[in-house]
Amino acid sequence: MNKKKKIYLDHSATTPLDKEVLETMLPYFTDTFGNANSIHAFGSEAALAVDTARRKIAELLGAKPTEIYFTSGGTEADNWAIKGTACAKKDKGKHIIVSGIEHAAMMASCGQLEKQGFEVTYLPVSAAALVSPDDLKAALRDDTVLVSVMLANNEVGTIQPIKELAQIAHARGALFHTDAVQAVGSIPVNVNELGVDMLSLSAHKFYGPKGVGALYIKSGVKPEKFMIGGHQERTMRGGTTNVPCVVGMAKAMELAIMNLKKNAAYVASLRDRFVARVEKEIPFVHYNGDRVHRLPQNANFSFEFIEGESLLLNLDLVGIACSSGSACSSGSLDPSHVLLAMGIPHAVAHGSIRFTFGKDNTQEDVDYTVDKLKEIVEKLRVISPLFAEFKGGVHNV
Ligand code: PLP
């Protein structure tokens, strides 16, 4: 029987759990199952594992262990950083600045804060999704308490000049947070080199388990507590620690950073082959994002005259998994706010698809995907009223 082809090109959505990471986690589901807060031997064993994981993650980020707070993932870390800081600093000021291309975790938190009387400035981005340091300078005010700009964008992969932006924010007395969820494990990330006060990360983006992440909070920076009701995370985030996942996150991060250069070069070579072939072989295609300041794994394309969702579903039928920024993934019919912020017209943004490569993809995966993509794009354009109109023909469906 023919086994259906399955090619996963959606590594920015999530990555498969590394087998070595799974092996490291397994004993903490069974033998070493204690509650890390219990004082008996079972608890101490679990606490030691959590402590070791915290130290490892801190070391890999250039932080102190006391600056790492475990969370349920990137969404929680982002919510905590922005809402916790806004709440803690509200007597100093109620103005926050974020980029207009942040992840939904940030955007929704900003919307909530606006309803509570905070003022949020959304920084514009260039056509390649870059934030301009001058725009940040112009937006800062005496009552700005926090600036948050993501290190790397999840849709187009553009990497922001965080070090420079953080310096600008600090010069005006504002704290700086960065969402590094897409960056950790793909590019070098060091909190001291970046000069940030807070940084979010999430294990399932670097071949670790889902449902675990961390917020780095620099010593002396004090957002409000996120969840209360326990003494965990030095009372800042109550709730029984997810020991297997915390252990898995540390192992995944260690492996990702140890192999970063090799894996980044490899996925970039796959991405480059893919981009080169798509641009050469498929007409009316636009590459979205910066071609220099970018993650190694991302390729986001707009295919004119077709709907991203149709393309996505047709690719799925031939075993290729990728993602679109609009309807299917977000539950809305609006095109991605990221692509719109980059100035891409609505109609073109609707035909956008993100392909994100991983360390287990092969050159054959790339070639099969381009071959299928060519066929599907051609097929969809044949039935596209927009394409018919563009060609000047009459479309009768
Ligand atoms: N921030 C960015 C940039 C992301 O890409 C994601 C996940 O897609 C998140 C935050 C949310 O992370 P999590 O899935 O761990 O909640």
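This briefing walks through the sheets, one helix, the nonpolar cores and a few loop residues of the structure above. Please keep in mind that the model is predicted. It holds an open sheet of seven strands with mixed pairing, and an open sheet of three strands with antiparallel pairing. There is also a nonpolar core of 69 residues, along with a second, separate core of 28 residues.

**The seven-stranded sheet**

- The strand order here is 2-8-7-6-5-3-4, and the pairing is mixed. Strand 2 and strand 4 (119-123) are the edge strands, each pairing on one side only.
- Neighbouring strands of this sheet are turned by 20° against each other on average, with direction ignored.
- Strand 2 runs antiparallel to strand 8, and four bridges join the two. Within this pair, Phe-70 has Ala-214 of strand 8 as its bridge partner.
- Strand 8 also pairs with strand 7 in the antiparallel sense, over five bridges. Here Ser-200 stands opposite Leu-215 of strand 8.
- Helix 4 (residues 104-115) packs on the sheet and touches strand 3 (95-99), strand 4, strand 5 (144-148) and strand 6 (175-179). The direction of helix 4 makes about 145° with that of strand 4.
- In a regular strand, side chains alternate between the two faces of the sheet. Strand 2 is covered on both faces: Ile-68 and Phe-70 are buried on one side, Tyr-69 and Thr-71 on the other.

**Helix 2, seen from its two sides**

- Helix 2 (residues 41-61) has 21 residues, which at 1.5 Å a residue should span 30 Å; its end C-alpha atoms are 30 Å apart, so the model agrees with the expected span.
- An α-helix has 3.6 residues a turn, so residues three or four places apart point the same way.
- The buried residues of helix 2 are Gly-43, Ala-46, Ala-49, Val-50, Ala-53, Arg-54, Ile-57, Ala-58, Leu-60 and Leu-61. Viewed down the helix axis, they fall within an arc of 165°, so they line one face of helix 2.
- Turned away from that buried side is a face with the exposed residues Ala-41, Leu-48 and Glu-59.
- What covers the buried residues of helix 2? The cover includes strand 2 (68-71), helix 7 (191-194), strand 7 (198-202) and helix 8 (243-258).
- Helix 2 lies across strand 2 and strand 7, running at about 115° to strand 2.
- After helix 2 comes Gly-62, with a positive phi near 75°.

**The nonpolar cores**

- In the largest core, the residues that touch the most other members are Ile-68, Val-147, Leu-151, Phe-176, Val-189, Leu-199 and Phe-206. Helix 8 gives the largest share of this core, 10 residues.
- Leaving aside neighbours within four places in sequence, Val-189 is in contact with Leu-60, Leu-61, Leu-151, Ala-183, Val-184, Leu-194 and Leu-199.
- The second, separate core has 28 residues, including Phe-274, Val-275, Tyr-287 and Leu-311.

**The three-stranded sheet**

- The order of strands is 9-10-12, with antiparallel pairing. Strand 9 (285-288) and strand 12 (352-356) each have a single partner strand, so one side of each is left without a neighbour in the sheet.
- On average, neighbouring strands of this sheet are turned by 30° against each other, direction ignored.
- Strand 9 and strand 10 (residues 298-303) run antiparallel and are joined by four bridges. Val-285 has Phe-303 of strand 10 as its bridge partner.
- Helix 10 (residues 308-317) packs on this sheet, where it touches strand 10 and strand 12. Its direction makes about 40° with that of strand 12.

**Loop residues to look at**

- Most residues other than glycine have a negative phi. Thr-235 has a positive phi, near 70°, and Phe-284 has a positive phi near 55°.
- Thr-235 sits in the loop between strand 8 (213-217) and helix 8. It is partly exposed, with a relative accessible area of 28%.
- Phe-284 lies in the loop between helix 9 (260-281) and strand 9, and is partly exposed at 32% relative accessibility.
- Is Ala-203, in the loop between strand 7 and strand 8, buried or exposed? Ala-203 is buried, with a relative accessible area of 0%.
- Not counting residues up to four places away in sequence, Ala-203 touches Gly-208, Pro-209, Val-212, Gly-213 and Met-249.

How values were computed: Residues are numbered from 1 along each chain as its sequence is written. This is a predicted model: local features need pLDDT of at least 70, side-chain atom pairs count only at pLDDT 80 or more; totals for chains, interfaces and linings use all residues. Side-chain values use heavy atoms; hydrogens and water are left out. Two strands pair if DSSP finds at least two bridges between them. Axes are lines fitted to C-alpha atoms, for helices over the stretch in contact, and angles run from 0 to 180 degrees between N-to-C directions. Contact means heavy atoms within 4.5 Å. The expected span of a helix is 1.5 Å times one less than its number of residues. Buried means under 20% relative accessible area, exposed over 50%, partly exposed in between (1.4 Å probe, protein chains only). The arc is that of the directions from the helix axis to the C-beta atoms. A nonpolar core is a set of buried Ala, Val, Leu, Ile, Met, Phe, Trp, Tyr and Cys residues joined through side-chain atoms within 4.5 Å.
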